[in-house]
Amino acid sequence: MQKRADLDWILKDLADSVPQTRHVVVLSADGLCIAQHGCDMDTADRVAAACAGLQSLSAAIATEFPHGDGRMRLVVIEIGGGFFYLMAAGVGAYLAVLADEGVDAGLMGQRMRDLVARIGEHLSSPPRATPAGRAT
C-alpha cells in the first residue's frame with residue numbers, strides 16, 4: 001500500500017502536541033502501515049502487524065457484549081515504560097500511538113479523538129482487492 005504523505009504533518013502535530021509521544025502509526029485493518037511519524041518503516045510495520053492482532057482479539061471479545069455493535073473503538077495497554085493506544089480511525093483504518101510512561105493519558109485520548117473526528121474519512125482504508133483468478 002502506498003504511504004499517504006499528506007498525513008505526515010497531521011501525525012507530527014499529534015506527536016508534538018502531546019509530550020512523551022514516541023511513535024504514531026496509521027494502519028489498515030489487515031495490518032498494513034499507511035503512514036507513520038517518529039519511527040522508521042520497520043518499526044511502523046511491526047506496530048501495524050501487532051495492531052491487526054489486537055483488532056482481531058477485540059472482535060472476539062466483542063461477542064461477549066451481545067447488545068453492542070462489535071466494533072473496537074479504543075484499546076489502551078499500559079506496559080512497563082509506557083502506554084500503547086489503538087483507536088478506530090475511519091472505515092478499515094486505525095490510529096496507533098506509543099508513548100512514554102509520563103504521558104498525559106487524558107490529553108492523548110482527547111487529541112487522538114480530535115484527529116479522528118477531523119480527518120477520519122481520509123484515514124479510511126478500503127479492503128484489498130483479491131487478484132483475478134484467486135478464490136477469496
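Here is a walk through this structure, from the overall fold down to single residues.

Keep in mind that this is a predicted model, in which local features need pLDDT of at least 70, side-chain atom pairs count only at pLDDT 80 or more, and totals for chains, interfaces and linings use all residues. Residues are numbered from 1 along each chain as its sequence is written, and side-chain values use heavy atoms, with hydrogens and water left out.

Let's start with the overall layout. The protein chain has three helices and five strands; here helices (H or I, at least four residues) and strands (E, at least two) are DSSP runs, numbered from the N terminus. If you read along the sequence, you meet them in the pattern α-β-β-α-β-β-β-α. Of the chain's 136 residues, 39% count as buried. Buried means under 20% relative accessible area, exposed means over 50%, and partly exposed is in between, using a 1.4 Å probe and protein chains only. Contacts tell you about the fold too, where a contact means heavy atoms within 4.5 Å. Among contacts between residues at least 6 apart in sequence, 52% join residues at least 24 apart.

Now go to helix α1, where you will find Leu14. Leu14 counts as buried because its relative accessible area is 0%. What does Leu14 contact, leaving aside its neighbours within four places in sequence? The list is Thr21, Val24, Leu95, Val97, Arg111, Met112 and Leu115. For one of these, Val24, the C-alpha atom is 8.1 Å from that of Leu14, with the two positions 10 residues apart along the chain. Asp114 is 100 residues away from Leu14 along the chain, yet their C-alpha atoms are separated by 9.6 Å. Asp114 sits in helix α3, and with a relative accessible area of 33% it is partly exposed.

Helix α1 also holds Lys12. Lys12 is partly exposed, because its relative accessible area is 40%. The C-alpha atoms of Lys12 and His37 are 6.1 Å apart, although 25 residues separate the two along the chain.

Next, look for empty space. Rolling a probe the size of a water molecule over the atoms shows where empty space is left. On a 1 Å grid over the protein atoms alone, a cavity is a set of points where a 1.4 Å probe fits but cannot get out, and lining residues have an atom within 4 Å of a point. Grid points are joined across faces, edges and corners, and a volume is the space filled by probe spheres set on the points. The structure holds one cavity of 30 Å³ or more, and the largest cavity has a volume of about 30 Å³. Which residues line the largest cavity? They are Ile10, Asp13, Leu14, Arg111, Leu115 and Arg118. Helices α1 (8-17) and α3 (105-123) each supply at least two residues of that lining. By type, the lining divides into three nonpolar, no polar and three charged residues. In this scheme Ala, Val, Leu, Ile, Met, Phe, Trp, Tyr, Cys and Pro count as nonpolar, Asp, Glu, Lys and Arg as charged, and the others, Gly among them, as polar.

Moving on from α1, you reach Gln20, in the loop between α1 and β1. Its phi is near 85 degrees, a positive value in a residue other than glycine. Most residues other than glycine have a negative phi. Gln20 is partly exposed because its relative accessible area is 38%.

Then comes strand β1 (residues 21-28), home of His23. Is His23 buried or exposed? At 13% relative accessibility, His23 counts as buried. Its side chain reaches the backbone oxygen of Gly38 at 2.9 Å. Beyond its neighbours within four places in sequence, His23 contacts His37, Gly38, Cys39, Thr43, Ala96, Val97 and Leu98.

Ser28 is in strand β1 as well, and at 2% relative accessibility it is buried. A polar contact of 2.4 Å joins the side chains of Ser28 and Asp30; a polar contact is a pair of N or O atoms within 3.5 Å, and within protein one must be able to donate a hydrogen and the other to accept it, while residues adjacent in sequence count only if both atoms are side-chain atoms.

Finally, a database record: the UniProt annotation "transmembrane region", from an unreviewed entry, covers residues 74-97. Such annotations may be inferred rather than shown by experiment, and the positions are given in the numbering used here, with feature names shortened. In the model, residues 74-97 are 0% helix and 75% strand, and the end C-alpha atoms are 11 Å apart.

Definitions and conventions:
On a 1 Å grid over the protein atoms alone, a cavity is a set of points where a 1.4 Å probe fits but cannot get out, and a pocket is an open set with protein on both sides within 12 Å along at least five of seven lines; lining residues have an atom within 4 Å of a point.
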